[in-house]
Structure formats: structure tokens, C-alpha cells
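Q: Could you pick one part of this model and take a close look at it with me? I'd like the local picture, and then how the surroundings fit in.

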Amino acid sequence: VVTSPARDLAVVGAGNMGVSVLGAFLSRGRPCVAIDLDAAKVRELSLGRSVVPEVGAAEILARALGEGRLEATTDLARVAGARAVFVAVQTPYKGADCDYTALRSVLRDLARVAPPGQTIVVGSTVFPGGIERELLPELAARKDLELVYEPVFLRAGFGIDDYLRPGKLIFGLADPAKPPAALGAIFAPVIEREATFASFASAEWIKVVHNAFMSVKVCFANEVATLCRSFDADVEAVLRATFEEGPRGRLMTLSHMLPGPPYSGPCLPKDAIVLGGLLAKHGEPWMRGASVLEALRTSNEAYTEHLVLRWIELGRAAKKPLGVIGVAFRADFNEVRGSLALPFIRRAKRDGLPVLAYDPFFEGISPEAHALAARGDREVEALRETLSHSLEDVWSRSGVVLLNRRLDARERARVSGLATPLLVDLYGNGWEERA
Ligand SMILES: NC(=O)c1ccc[n+]([C@@H]2O[C@H](COP(=O)([O-])OP(=O)(O)OC[C@H]3O[C@@H](n4cnc5c(N)ncnc54)[C@H](O)[C@@H]3O)[C@@H](O)[C@H]2O)c1
């Protein structure tokens with residue numbers, strides 16, 4: 001006789017997160033079992049009382065208890081009566097790392113008591129590398145169990161609603177192409193969001209990156225506010241006008257948030273330098289040496305310097321000229337001021353290394369047109385000689401090529417028959433031989 005488990009979900013760890021997840025499932029009429037080591041918490045829950053002040057929890061728990069859908073226990077073996085397990089025990093930080101003691105101990109015990117094939121969703125925060133290093137070894141003897149990592153984003157107090165209607169729903173899996181059936185059968189009907197499946201490592205990073213970005217915004221806004229106030233600007237008006245933008249707005253476009261070259265061009269570098277000056281003059285002492293605004297410049301310059309040195313190193317080793325493809329700061333535009341190509345070419349010239357550079361905008365350009373494009377910038381004017389090479393020439397004669405633009409289909413065809421040099425590819429053009 002096959003009997004199906006009586007509970008949809010066993011929630012292990014009935015703290016803030018555990019109660020939020022429990023409340024979400026119970027609010028959808030699902031039968032659940034809450035498991036916690038803390039007998040006092042279990043006693044409260046078994047009376048239908050919430051142990052944390054999550055909005056809606058008190059009513060949801062009381063109703064579920066009345067309808068016989070809520071069980072609370074200290075006995076982990078009760079997971080046997082559930083279709084899936086959600087683990088929400090604490091993973092506090094210890095030094096600069098996480099303390100996985102509680103989480104590991106739950107998994108170790110689950111390896112003993114979980115029924116065959118059970119899906120275990122870990123909601124506790126796990127930092128990059130933690131699943132492989134800390135969690136999987138505990139389940140090594142139970143290859144039948146399906147481990148899932150769900151990076152969960154809950155606001156304290158609004159956890160039930162946030163769990164039901166998340167901004168994003170990610171499940172980290174050993175094999176993202178093979179989600180366990182329980183995710184579709186048990187979680188999908190409850191959570192109002194289509195799931196994205198990711199590798200364990202990606203899911204771990206999504207959690208960290210999400211929270212880091214929230215922190216960046218907070219620090220950024222506080223520093224901006226401090227500076228604005230010393231100029232009598234209306235901080236709120238400044239930040240609202242900056243961030244509230246129409247659908248054609250450029251600030252929150254994903255293209256700026258995907259990996260690519262350092263920022264460059266006639267505006268952003270200049271603005272970051274001037275902002276650093278404002279900061280030095282008008283910033284408060286607490287901002288010195290620890291400022292996000294200052295890091296806009298230092299991080300970008302350090303990354304640029306790293307790329308330049310790599311290109312120089314590869315060029316020296318190859319004992320051939322160093323190539324640059326894409327000299328203008330933006331493809332198909334003749335503005336060279338602030339271009340990322342400049343620190344590369346500058347450095348090579350300083351070190352006495354020959355450079356071959358190509359940019360379609362300057363191919364076959366007359367001296368007059370070049371002078372016009374230089375806009376009076378001496379350094380750009382002096383590029384005339386360096387710039388006179390053809391794409392094929394740069395590709396075949398250089399030991400290493402900086403790809404400072406995305407090549408179009410015609411350009412790819414032009415170099416396809418030639419041997420590929422080493423590439424420092426800032427735009428992910430997709431060649432296999434990259435530096
Ligand atoms: N609080 C949130 O809103 C939130 C949001 C996102 C992520 N998280 C993550 O969720 C995890 C839990 O956070 P929390 O704030 O809910 O923690 P918490 O301390 O409030 O709750 C943890 C619970 O787990 C119980 N527990 C510990 N070991 C156990 C065991 N072996 N068996 C059964 N129960 C056990 C504890 O008694 C406690 O009740 C953490 O990793 C945290 O980083 C929390």
C-alpha cells in the first residue's frame with residue numbers, strides 16, 4: 001500500500017524565516033509540520049501562536065491549527081510525514097566566515113531520518129562555496145536525497161508576503177537542467193513567481209550580490225546626502241529625480257551591470273575625478289578613506305591599470321607589436337577623448353613598445369579629418385601614425401590584441417582566415433583564445 005505523506009512541507013527551524021515560509025504555505029491551505037529544537041517555541045506553535053511578529057502569522061497559524069493543518073514538534077524524524085523539507089536554521093557569521101554548525105547538524109540528522117528521495121530545500125543563507133564544502137559532505141551517504149538551495153530575500157516583519165510574492169525565485173541545484181519534481185509540485189503552486197534554476201555556486205552568489213547591491217545603494221545615498229546638504233541642495237529631490245526615470249532611462253539598464261570594460265569616455269571619468277575633489281573638500285571626516293563615491297574612481301582606475309599591465313606583459317612575452325582594435329571610446333563614433341585605448345597606448349609608448357591600432361572610423365581618414373576628430377587634444381592628434389593600420393594588419397602582426405570594441409560580422413569575416421593572436425577582450429567577443 002502506498003500512502004502519500006500527510007504534510008506538504010516540514011519546516012526545520014522556526015525563527016523569522018521558518019515562520020515566514022510556514023505562514024506562506026499554511027496561508028495557501030497546505031498542511032505543514034514545524035520542527036525546532038527550542039521546546040518553548042514548539043509549545044507556542046502547537047498552540048497556534050506565532051513566535052515572531054511576522055505580519056499575518058498569528059491569524060494564519062491559529063486558523064491552520066484549528067483546521068488540523070499545523071503540527072509542531074522537536075522531533076526531526078517527523079520529516080518522514082512530509083513531501084519536502086525546508087531548512088531555515090541560523091547561519092550567523094563567525095569572524096569573516098559563516099558558522100554552519102546548526103545547518104550541518106540538521107543535514108547530518110536528515111541523512112539519518114529523511115525518507116528515500118526526499119527534497120531538502122535549504123533557505124538558510126549559504127555563502128559561496130559553502131554548499132560544496134559544508135553541506136554536501138553531510139549528505140554523502142544519501143545520494144537519493146535532492147538538495148536544493150533557495151536564496152531567500154525577506155523583509156523582517158513582511159516575510160510571509162515576501163515569500164509568497166518574491167521579486168525573484170531562484171533554486172540552486174546540483175544540475176539546473178533537472179529540477180526535482182517536488183519544486184514543481186509543492187513550491188510552484190504556493191509561490192507566485194516563475195522559478196529560475198541555477199547551479200549551487202550561482203545561487204550562492206545571487207544571494208550575496210543582491211544584498212551587496214542593496215548595501216551599495218544605501219551607502220551611496222548616505223554619502224550623496226551628506227555632500228548635497230553642504231551645498232544646500234534638497235537631498236530628497238536630488239535622489240528622486242536621479243532614480244525615478246521613465247522607461248527610456250539609462251540608469252538601471254542591465255548593460256551597465258553586466259561585466260564589461262571599465263567605464264570610459266569624455267564624461268564618466270571626468271565626473272568621477274571631480275566628484276573625488278568635491279569629496280575631499282566638502283566631505284565629512286567619516287567619508288575619508290572609506291567612501292563608495294571615491295571608490296568609483298579608484299576601482300575603475302585599478303581595473304584599467306590591471307588590464308593595461310596584462311596586455312603589456314603578454315605583448316612583451318610575444319616579442320611582437322601590441323595591437324589595439326577600437327580606438328574611439330565608443331564603436332562607430334569618432335570621440336577618442338577619454339577612450340580606454342589611451343591608457344594602453346600611452347603605457348606602451350612609455351615603455352618603448354610598438355603599437356598597431358585600428359579603428360574603422362579612422363580607416364583611410366585624411367589628416368584634416370583626423371585633426372578635426374582630435375578636437376585639439378594633443379595626445380589624440382599624435383595617434384595618427386599608430387592609427388593608420390588595417391584590421392587584418394593589426395590582427396596578423398600583433399602578439400596580443402586589445403579588443404576595445406565588439407567586432408561586427410564583416411570584421412569577424414575579415415579576420416576569420418587569419419591566425420588568432422592572444423586577446424585581451426573587454427567585450428566578450430567570444431574567441432576561444434583569450435588572455
Ligand atoms: N530573517 C530573515 O528574514 C532572513 C532572510 C533571509 C535569509 N535568512 C537566513 O535564514 C536563516 C535563518 O534566519 P532566522 O532569522 O530565521 O534565524 P533564527 O535564529 O530566528 O531562527 C533559527 C531557528 O532554528 C532553530 N534551530 C537551530 N538548530 C536547529 C536544529 N538542529 N533543529 C531544529 N531547529 C533548529 C533555532 O532554535 C531557531 O528557532 C539564516 O541563515 C539567515 O541568514 C533570514
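**A close look at D36 and its surroundings**

A: Let's start with a short polar contact: the side chain of D36 reaches the backbone nitrogen of D38 at 2.9 Å. Keep in mind that this is a predicted model. The same kind of link goes elsewhere too, as the D36 side chain also reaches the backbone nitrogen of A14, here at 2.6 Å. As for where D36 sits, look in the loop that runs between β2 (32–35) and α2 (39–46). Its relative accessibility is 12%, so D36 counts as buried, given that buried means under 20%.

Who else is around it? If you skip the neighbours within four places in sequence, D36 is in contact with G13, A14, G15, K41, V42, T73 and T74. D75 is worth a glance as well: D36 and D75 are 39 residues apart along the chain, yet their C-alpha atoms are separated by 7.8 Å.

Now bring in the ligand. The shell around it holds 23 residues, and D36 is listed among the closest, together with M17, K41, T91 and T125. K41, which we just met as a contact of D36, puts a polar side-chain atom 2.6 Å from an oxygen atom of the ligand. L37 comes in through its backbone: one of its N or O atoms lies 3.3 Å from a nitrogen atom of the ligand. T125 also uses its backbone, with a polar atom there 2.9 Å from an oxygen atom of the ligand. As for how much gets covered, the ligand taken alone exposes 830 Å², and the protein buries 79% of that.

Helices help to build this shell: α1 (16–27) and α4 (101–113) each supply at least two residues. α4 gives the most, with three residues.

Follow α2 along to S46, which is also placed in that helix. S46 has a relative accessible area of 33%, so it is partly exposed. Apart from neighbours within four places in sequence, S46 is in contact with L65 and A72. There is also L70, which is 24 residues away along the chain, with 7.5 Å between its C-alpha atom and that of S46.

Let's turn to the charged pairs. A search of the whole structure finds 34 salt bridges. One of them is formed by E71 and R7, whose closest N and O atoms are 3.3 Å apart. E71 lies in strand β3 (residues 70–73) and R7 in strand β1 (residues 7–12), so this pair ties together parts that are 64 residues apart in sequence. Both ends of that bridge are buried: E71 has a relative accessible area of 17%, and R7 has one of 15%.

Back to α4, the helix that gives the most to the ligand shell. R108 makes a salt bridge with E138, and their closest N and O atoms are 2.9 Å apart. R108 lies in helix α4 and E138 in the loop between α5 (130–135) and β8, so the pair ties together parts that are 30 residues apart in sequence. R108 is partly exposed, with a relative accessible area of 41%, whereas E138 counts as buried at 13% relative accessibility.

A further bridge joins R165 and E192, whose side chains meet at 3.0 Å, N to O. That pair links distant parts of the chain, 27 residues apart: R165 is in the loop between α6 and β9 (170–173), and E192 is in the loop between α7 (181–187) and β10 (196–199). R165 counts as partly exposed at 40% relative accessibility, and so does E192 at 44%. Bridges can also share partners, and in this way R104, R108, R133, E134 and E138 are joined into one network.

Finally, a charged residue without such a partner. E150 lies in the loop between β8 (146–149) and α6 (159–164). E150 is buried yet has no salt bridge; K207, the nearest side chain of opposite charge, is 9.5 Å away. So what does E150 touch? Not counting residues up to four places away in sequence, its contacts are F86, V121, V122, G123, Y163, L169, I170, F171, F187 and I191.

Key. Residues numbered from 1 in each chain as written. Predicted model: local features only at pLDDT ≥ 70, side-chain atom pairs only at ≥ 80, totals over all residues. Heavy atoms only, no water. Helix = DSSP H or I, 4+ residues; strand = E, 2+ residues; numbered from the N terminus. Buried < 20%, exposed > 50% of the residue type's maximum accessible area, 1.4 Å probe, protein only. Lys, Arg positive; Asp, Glu negative; His and termini not counted. Salt bridge = Lys/Arg side-chain N within 4 Å of Asp/Glu carboxyl O. Contact = heavy atoms within 4.5 Å. Polar contact = N/O pair within 3.5 Å; in protein donor to acceptor, adjacent residues only side chain to side chain. Near = heavy atom within 4 Å. Areas by Shrake-Rupley, 256 points an atom, 1.4 Å probe, with all protein chains shown as cover.
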